[in-house]
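Here are my notes on the model, set out point by point. Please read them with the structure open.

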Amino acid sequence: MNAITPDALEEQAPDATQTAVAILEEDIVFGRLHPRERLTEDDLMARFAMKRHAVRQVLAELELLGVVEKKRNVGAVVRAFSVREVMELYALREVLEVHAARQMPLPVPEARLAALVAVQREHDAAVADGDARRVFRSNQRFHREFFGLLDNAVLGQAIEEYARRTHPIRFGSLVAAGHRERARQEHWTMIQALRDGDRDALMTVCREHLLPSRDAYLASQQAFSQPATS
């Protein structure tokens, strides 16, 4: 990987630490950094042209995001999730997000619906272009706008928090064109359910929308753990 100069970082964002955090988070989400892979301070200092104390801050923030963990005698590594952890995280997300669909005020005001449609058109374009980074970020914006329709700020914050905790689990569904297209279509199903005031359809698609990223991660971990055969 090429080192990023201080000037380049300044152009990307006023806060070089946050820029490095965002870049590394994307590396993890897109599978460029793999579960259990070490993140050494010296490598990150060279890559981001940072001093050691700044790199330690970056690692601390990644740990708070839940994408990195520190292991004794090893240091910082990309977090790996057990099957049980994945199932529990997604079970909790299902409870929260389906409950949100049950509580969401219907009908949705036309101006709010138009804002959601505008965000989804950005997601459509990213999927059409095959741009995984834009797909990831526009997907985040869609769900933030969608759950912003709630009148319950605490529930909305909980949904965003647990969605963020599963970012490292999503790479399998982000890199596969079929998964990206399915997610795009499901977003439009959500919009149509909001437009129709169809709460049952909204709850169903919110539940089903979670499954591909969970299942893709579990499948990749199973393949990774199986010994190679000759």
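1. Start with Asn139. The model is predicted, and Asn139 sits in helix α7, residues 132–147. Asn139 is buried, at a relative accessible area of 13%; the cut-off for that label is under 20%.

2. What does the side chain of Asn139 make a polar contact with? The partner is the side chain of His187, at 3.2 Å. Beyond four places in sequence, Asn139 touches His123, Arg134, Arg170 and His187.

3. Follow one of those neighbours. His123 belongs to helix α6. Its relative accessibility is 1%, so His123 counts as buried. Setting aside residues up to four places away in sequence, His123 touches Val135, Ser138, Asn139, Ala183, Arg184 and His187. His187 therefore appears in the contact lists of Asn139 and His123.

4. Next, the nonpolar cores. The largest one has 25 residues. Met104, Phe146, Leu194 and Leu202 have the most contacts inside it. Two or more residues each come from α5 (83–103), α6 (110–129), α7, α8 (153–165), α10 (177–196) and α11 (199–208). Another core lies apart from this one. That core has 20 residues, among them Leu33, Leu44, Phe48 and Val58.

5. Met104 deserves a look of its own. Leaving out neighbours within four places in sequence, Met104 contacts Phe146, Phe147, Leu149, Leu150, Leu194, Arg199 and Leu202.

6. On to α11. Which residues of α11 are buried? They are Leu202, Met203, Val205 and Cys206. The cover over these buried residues includes α5, α7 and α10. At the start of α11, check Asp198: one of its side-chain oxygens comes within 3.4 Å of the backbone nitrogen of Asp200.

7. Last, a helix pair. Two packed helices are described by the angle between their axes and the distance between the axes. For helix α3 (residues 41–48) and helix α4 (residues 52–65), the axes come within 9 Å and cross at roughly 105°. That crossing makes α3 roughly perpendicular to α4; the range for this label is 65 to 115 degrees.

8. Which residues make that contact? From α3 come Glu41, Asp42, Leu44 and Met45. From α4 come Arg52, Val55, Arg56 and Leu59. By class, the contact of α3 with α4 has 4 nonpolar and 4 charged residues, and no polar ones. Leu44 of α3 is also listed in the core of 20 residues.

Note on methods. Residues numbered from 1 in each chain as written. Predicted model: local features only at pLDDT ≥ 70, side-chain atom pairs only at ≥ 80, totals over all residues. Heavy atoms only, no water. Helix = DSSP H or I, 4+ residues; strand = E, 2+ residues; numbered from the N terminus. Buried < 20%, exposed > 50% of the residue type's maximum accessible area, 1.4 Å probe, protein only. Polar contact = N/O pair within 3.5 Å; in protein donor to acceptor, adjacent residues only side chain to side chain. Contact = heavy atoms within 4.5 Å. Core = buried A, V, L, I, M, F, W, Y, C linked by side-chain atoms within 4.5 Å. Axes fitted to C-alpha atoms, helices over the stretch in contact; angles between N-to-C directions. Parallel < 35°, antiparallel > 145°, perpendicular 65-115°, else oblique. Nonpolar A, V, L, I, M, F, W, Y, C, P; charged D, E, K, R; others polar.
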